[in-house]
Amino acid sequence: NWIQDAQRVAYTLVGGSPAAITVNVPKAKVKGLEFDGTVEPSDWLSLGASLSYTDAKFTDNKVSVAGGAPVAFGTYPDAPKWSGSVFGVLTAPVGEDMEASLRADLYKQTSTSFSSTGNLNQGTVLPSYEVANLRLALKHLSAGWTVAALVKNVFDKTYYVGGVALGELFQFNTAVPGDPRTYMVNVRFNF
């Protein structure tokens, strides 16, 4: 992708009060590769994986924020260089007209910045992380309903998915954590 006028947020003081302003960074380039595949070696097993490589950067990065001197936008936010996932699904018949399935998946990504001005604002790089999830489902084939129990973030890992970069104004940034271990029940009916 060749992007012109990439809209990004800039934090500044306007009339003595802090403000988040949307600015246009003149040019950016995002290139990369994606791979996604699934294999089903048998009717009871499905395996899959995805992999993404992203090289994102601003190529013309000087922006005047609120009429001030131009600022160099130096880090492309929310674009980990590598990310990917793997999954496996086991399916087995339960009685005549029902089946049970167990899905396990693992997502992983490398570090990323949550600020477009991370070059000027230290502490905006989030560390890499991985998250595992499980789903156990019972499906009635002819009636069309499915009941599933899910556990997200099985190992209750602490990880961060974004943030608010106020370091240039207040000398601190806020990182936003991802969901802790979460239990859910899902009911679905096809009609």
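Over how many bridges do strand 6 and strand 7 pair, and in which sense? In this predicted model, strand 6 (residues 82-93) and strand 7 (residues 98-109) are joined by 11 bridges in the antiparallel sense. One position in this pairing is V89, which faces R103 in strand 7.

The two strands belong to an open sheet of eight strands, arranged in the order 1-2-3-6-7-10-11-14 with antiparallel pairing. At the edges stand strand 1 and strand 14 (182-189); each has a single partner strand, so one side of each has no neighbour in the sheet. On average, neighbouring strands of this sheet are turned by 20 degrees against each other, with direction ignored.

At one edge, strand 1 pairs with strand 2 in the antiparallel sense over 12 bridges. Within that pairing, I3 stands opposite A28 in strand 2. The connection between strand 1 and strand 2 is a hairpin with two residues between them, and G15 in the turn has a positive phi of about 65 degrees.

At the other edge, strand 14 pairs with strand 11 (residues 145-152) in the antiparallel sense over eight bridges. V147 has V187 in strand 14 as its bridge partner. Strand 14 has eight residues and the number buried is zero, so this strand lies largely in the open.

The nonpolar interior can be followed from the strand 1 side. The largest nonpolar core consists of 12 residues: A6, A10, V23, V25, A28, V30, A56, F58, V63, V65, F73 and Y76. Strand 1, strand 2 (17-42) and strand 3 (45-60) are the elements that each give two or more residues to this core. Strand 2 gives the most, with four residues. A28, the residue opposite I3 in the pairing of strand 1 and strand 2, is one of the core residues.

F73 is also in the core, but its place is in the loop between strand 5 (70-72) and strand 6. Its relative accessible area is 1%, under the 20% limit for buried residues, so F73 counts as buried. From F73 to L47 the separation is 26 residues in sequence and 41 Å in space, C-alpha to C-alpha.

The loop that holds F73 also contains D78, between strand 5 and strand 6. Is D78 buried or exposed? With 52% relative accessibility, D78 counts as exposed. Its phi is near 55 degrees, a positive value in a residue other than glycine. Most residues other than glycine have a negative phi. Q171 also has a positive phi, near 70 degrees, and is likewise not glycine. Q171 is found in the loop between helix 1 (167-170) and strand 13 (174-177), and at 68% relative accessibility it counts as exposed.

The last feature is the largest pocket, with a volume of about 290 Å³. Its lining has 20 residues, and those nearest its centre are V9, A10, Y11, S115 and T117. Strand 1 (2-14) and strand 12 (160-164) are the elements that give two or more residues to this lining. Which element gives the largest share of the lining? Strand 1 does, with five residues. By type, the lining divides into 10 nonpolar, seven polar and three charged residues. A10 appears both in the largest nonpolar core and among the residues nearest the pocket centre.

Note on methods: Residues are numbered from 1 along each chain as its sequence is written. This is a predicted model: local features need pLDDT of at least 70, side-chain atom pairs count only at pLDDT 80 or more; totals for chains, interfaces and linings use all residues. Side-chain values use heavy atoms; hydrogens and water are left out. On a 1 Å grid over the protein atoms alone, a cavity is a set of points where a 1.4 Å probe fits but cannot get out, and a pocket is an open set with protein on both sides within 12 Å along at least five of seven lines; lining residues have an atom within 4 Å of a point. Grid points are joined across faces, edges and corners, and a volume is the space filled by probe spheres set on the points. Ala, Val, Leu, Ile, Met, Phe, Trp, Tyr, Cys and Pro count as nonpolar, Asp, Glu, Lys and Arg as charged, and the others, Gly among them, as polar. Two strands pair if DSSP finds at least two bridges between them. Axes are lines fitted to C-alpha atoms, for helices over the stretch in contact, and angles run from 0 to 180 degrees between N-to-C directions. A nonpolar core is a set of buried Ala, Val, Leu, Ile, Met, Phe, Trp, Tyr and Cys residues joined through side-chain atoms within 4.5 Å. Buried means under 20% relative accessible area, exposed over 50%, partly exposed in between (1.4 Å probe, protein chains only).
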